[in-house]
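Let us take a friendly walk through one protein chain together. Please keep the sequence and the 3D view open as you read.

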Amino acid sequence: QVQFVESGGGSAQPGGSLRLSCAASGFSFSRSVMAWYRQAPGKERELVATVTKTDDKRNYADSAKGRFTISRDNYKNTVSLQMNNLKPDDTGVYFCNALVLGSTIYPWGQGTLVTVSS
């Protein structure tokens, strides 16, 4: 059974930082491209960042470039998202998932809520 457990969300002020973590299980994590998604209130879920199987390439949405860093640990089956210089537009529920041919095929976890406000 595939499972994603996201954690690390919370409240932050603009300019602050948060580090999100996702524990994955039930599939071949080390053979999977991993991704972080965000769903802002009233909006569709959007891709924030991806990391290749061996962490040799990372890609970011334009809104995340220069501020967020995705990383993974294939021994612990975890993927993380370091978020710096947070902005109110970063508010939302953050989810992780695996990508297969560019699409998510596994059920979503509960996500972790990030709220950025002054």
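## Strands and hairpins

Strand β5 is joined to strand β6 (residues 58-60) by 3 bridges, and the two run antiparallel. Before going on, please note that this is a predicted model, in which local features need pLDDT of at least 70 and side-chain atom pairs count only at pLDDT 80 or more, while totals for chains, interfaces and linings use all residues. Residues are numbered from 1 along each chain as its sequence is written, and side-chain values use heavy atoms, with hydrogens and water left out.

Some terms will help here. Strands are DSSP runs of E with at least two residues, and helices are runs of H or I with at least four residues, numbered from the N terminus. Two strands pair if DSSP finds at least two bridges between them.

Within the pairing of β5 and β6, the bridge partner of A49 is Y60 in β6. These two strands form a hairpin with 6 residues between them, and D55 in the turn has a positive phi of about 60 degrees.

On to another pairing: strand β4 (residues 33-39) and strand β5 (residues 45-51) are antiparallel and share 6 bridges. Here A35 has T50 in β5 as its bridge partner. The hairpin of β4 and β5 has 5 residues between the strands, and G42 in this hairpin takes a positive phi near 75 degrees.

## The disulfide

How many disulfides are there, if a disulfide is a pair of cysteine sulfur atoms within 2.5 Å? The count comes to 1 disulfide. C22 and C96 form it, with their sulfur atoms 1.7 Å apart. The pair links distant parts of the chain, since C22 lies in strand β3 (residues 18-25) and C96 in strand β9 (residues 92-100), 74 residues apart.

Are these two cysteines buried or exposed? Buried means under 20% relative accessible area, exposed means over 50%, and partly exposed is in between (1.4 Å probe, protein chains only). C22 counts as buried because its relative accessibility is 1%, and C96 counts as buried because its value is 0%.

## The nonpolar core

In soluble globular proteins, nonpolar side chains tend to be buried together. A nonpolar core is a set of buried Ala, Val, Leu, Ile, Met, Phe, Trp, Tyr and Cys residues joined through side-chain atoms within 4.5 Å. The largest such core has 26 residues, of which W36, V79, L81, M83 and Y94 touch the most other members. At least two residues each come from β3, β4, β5, β7 (68-73), β8 (78-83), β9 and β11. The most come from β3, with 4 residues.

Contact means heavy atoms within 4.5 Å. Leaving aside neighbours within four places in sequence, M83 has contacts that include L18, L20, F68, Y94 and V114.

## Aromatic rings

Rings of Phe, Tyr and Trp (its six-membered ring) pair if their centres lie within 6.5 Å; planes under 30 degrees apart count as stacked, over 60 as edge-to-face and the rest as tilted. The count comes to 6 aromatic pairs. Two of them are set out here.

| Pair | Centre to centre | Angle between planes | Kind |
|---|---|---|---|
| F4 and F27 | 5.6 Å | 55 degrees | tilted |
| F27 and Y106 | 4.9 Å | 35 degrees | tilted |

The pair of F4 and F27 links distant parts of the chain: F4 is in strand β1 (residues 3-7) and F27 in the loop between β3 and β4, 23 residues apart. F27 and Y106 also lie in distant parts, with Y106 in the loop between β10 (103-104) and β11, 79 residues from F27. F4 is buried at 4% relative accessible area, and F27 is buried at 13%. Together, F4, F27, F29 and Y106 form one aromatic cluster.

## Two more residues to find

T112 is in strand β11 (residues 112-116) and is buried, with a relative accessible area of 8%. Its side chain reaches the backbone nitrogen of G9 at 2.9 Å, which is a polar contact (N or O atoms within 3.5 Å; within protein, one must be able to donate a hydrogen and the other to accept it, and residues adjacent in sequence count only if both atoms are side-chain atoms). Beyond its neighbours within four places in sequence, T112 is in contact with residues including E6, L20 and Y94.

G26 sits in the loop between β3 and β4 and counts as exposed at 54% relative accessibility. G26 and Q1 are 25 residues apart in sequence, and 5.0 Å apart in space from C-alpha to C-alpha.

Definitions and conventions
A disulfide is a pair of cysteine sulfur atoms within 2.5 Å.
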